[in-house]
Number of protein chains: 4
Amino acid sequence: MRESFRHWITVPVRWGDMDAFEHVNNAKFFTFCESARISYFEAIGLTVHRRATDQAPAVVTATCNFRQQVHYPATLDVGIRTIKIGRSSFTLEYALFLKDSGELVADGSSVVVWVDYAENKSAPLPERLKERIRELDGLEE
Amino acid sequence: MRESFRHWITVPVRWGDMDAFEHVNNAKFFTFCESARISYFEAIGLTVHRRATDQAPAVVTATCNFRQQVHYPATLDVGIRTIKIGRSSFTLEYALFLKDSGELVADGSSVVVWVDYAENKSAPLPERLKERIRELDGLEE
Amino acid sequence: MRESFRHWITVPVRWGDMDAFEHVNNAKFFTFCESARISYFEAIGLTVHRRATDQAPAVVTATCNFRQQVHYPATLDVGIRTIKIGRSSFTLEYALFLKDSGELVADGSSVVVWVDYAENKSAPLPERLKERIRELDGLEE
Amino acid sequence: MRESFRHWITVPVRWGDMDAFEHVNNAKFFTFCESARISYFEAIGLTVHRRATDQAPAVVTATCNFRQQVHYPATLDVGIRTIKIGRSSFTLEYALFLKDSGELVADGSSVVVWVDYAENKSAPLPERLKERIRELDGLEE
């Protein structure tokens, strides 16, 4: 599964990420995916796009499958890639592994819609953005 | 949609729930659902069960659909119910509404597996637990 | 001590506020104080000021004394008041009580500096702001 | 100032650490200090102690001075040391620097009391613990 991903971030788990069950809290996995997504957005040039056009990505759905409990201390490798490019949205997939053992602890996905905030509705994904996603993830058109 | 839910909690949004986009952060919606889930678990007597048997619920999947941005100040009404009872798991559904306008801002679901932590594997849902869920949500057997 | 405070907010503790020690995490107390501060700022008209003048308050120091552990479920009453008004700063005091028992669980303070973000330095507190603080807290000039 | 500290951790700032002011939220600095403290506790063997004796450290006061705003992306070097050892408490000092520029962004302190949870009161710091603190920080007795 690791080889499906080209873009990675490393997330050191903080002691404070744990909850009263003494494991990393479910909601924190979405924060880890968010960190990966922000990094991925930077890699495909999204920050630049945003200021220039008043259009920006919005996460409309997020899912996570919790496969193993994670406890501090731990470091996670989080892989992210686009698995589907639509007209005005794309779907991201995440996989979270323990750095040390390589074990998969969680995976998930989110649907990101391209929003025109001036018109307050979805807009077609810019061609340049689709190209950059394909380049980064090595996708065929 | 509101009438589908019998169990509710109220969540005052904290200023600190917002992120750098000046709206409530995606991960916080899972914290709101968690608050509803803990309250629901209490209502079906789950805390008691846990200490008595070494078996406990574990969330294995969580999904949220973000339908409207939420900004501080706001108060949310969060409804929760069981929509499916399986052999060793049940599926919870959540709906989050703005208290003032009644607008739906998000909905989601999570699959909860009944785990025997001594044996580290899933176990059949106790009959008493299934009864309480049916009672609380007014479900037919 | 309660009678020293005129401005109050109520904070329902969330299950997720607890950490691996099964008590409310230290850092969350600062979030509770932040919620009180934002509410207090609204009460003295600070949001309006900010947009109008490019000057805004910045917290430069925050302290909290943890007097009792707090566990979910609980609701806190948080009182806030200004205890000192300087030339370009004011000092806020907080007290956090369990709603049910009235017990003091924490208190703290923070120093808020009035910053001119255009010039990136502190600026004299506007007279109107000082008046509103005195009005709200019933302070003599 | 850096040379005063022997024990360090590195904290990559997460995008989600920022709040609606688009800077790292005040409360997060206490989470960063907590990460340093947990690491420091491990270094002086505190986890072991705890299980063995029913005595454990409790933070009773925490203070932070915010000297520079921090924005994602950033990595922080957090130094921690004991600046005072009392009969039943010790005082920790923290300093947070931007990894890249070396700039000090915040510093703070916390008082940690040694608590006997069976008797629910403070207890004398174990001699072995004081020795380890002195060893780690290079303090004279």
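How many bridges join strand β2 (residues 55-66) of chain A to β2(B)? Five bridges do so, and the two strands run antiparallel; strands count as paired if DSSP finds at least two bridges between them. This is a predicted model, in which local features need pLDDT of at least 70, side-chain atom pairs count only at pLDDT 80 or more, and totals for chains, interfaces and linings use all residues. Residues are numbered from 1 along each chain as its sequence is written, while chains are lettered from A and ligands numbered from 1 in the order in which they are written.

**Symmetry**
- Chain B is superposed on chain A by a rotation of 180° with 0.0 Å of shift along its axis (RMSD 0.0 Å), by least squares on the C-alpha atoms of residues with pLDDT of at least 70 in both, and that is the relation of a two-fold axis.
- Of the residues of chain B, B:Thr63 comes closest to this rotation axis, its C-alpha lying at 2.1 Å.

**Interface**
- Chain A and chain B contribute 13 residues each to the contact, where contact requires C-beta atoms, placed from the backbone, within 7 Å.
- β2(B) gives the most to the side of chain B that touches chain A, with eight residues.
- Because 100% of the interface residues of chain B are also interface residues in chain A, the copies meet through the same surface.

**Strand and helix pairs**
- Within the β2 pairing, A:Thr61 stands opposite B:Asn65 in β2(B).
- The axes of helix α1 (residues 26-43) of chain A and helix α1 (residues 26-43) of chain B come within 8 Å and cross at roughly 170°, which makes α1(A) roughly antiparallel to α1(B) (angles over 145 degrees count as such).

Methods: Two residues are in contact if their C-beta atoms, placed from the backbone, lie within 7 Å. Axes are lines fitted to C-alpha atoms, for helices over the stretch in contact, and angles run from 0 to 180 degrees between N-to-C directions. Helices (H or I, at least four residues) and strands (E, at least two) are DSSP runs, numbered from the N terminus. Angles under 35 degrees count as roughly parallel, over 145 as roughly antiparallel, 65 to 115 as roughly perpendicular and the rest as oblique.
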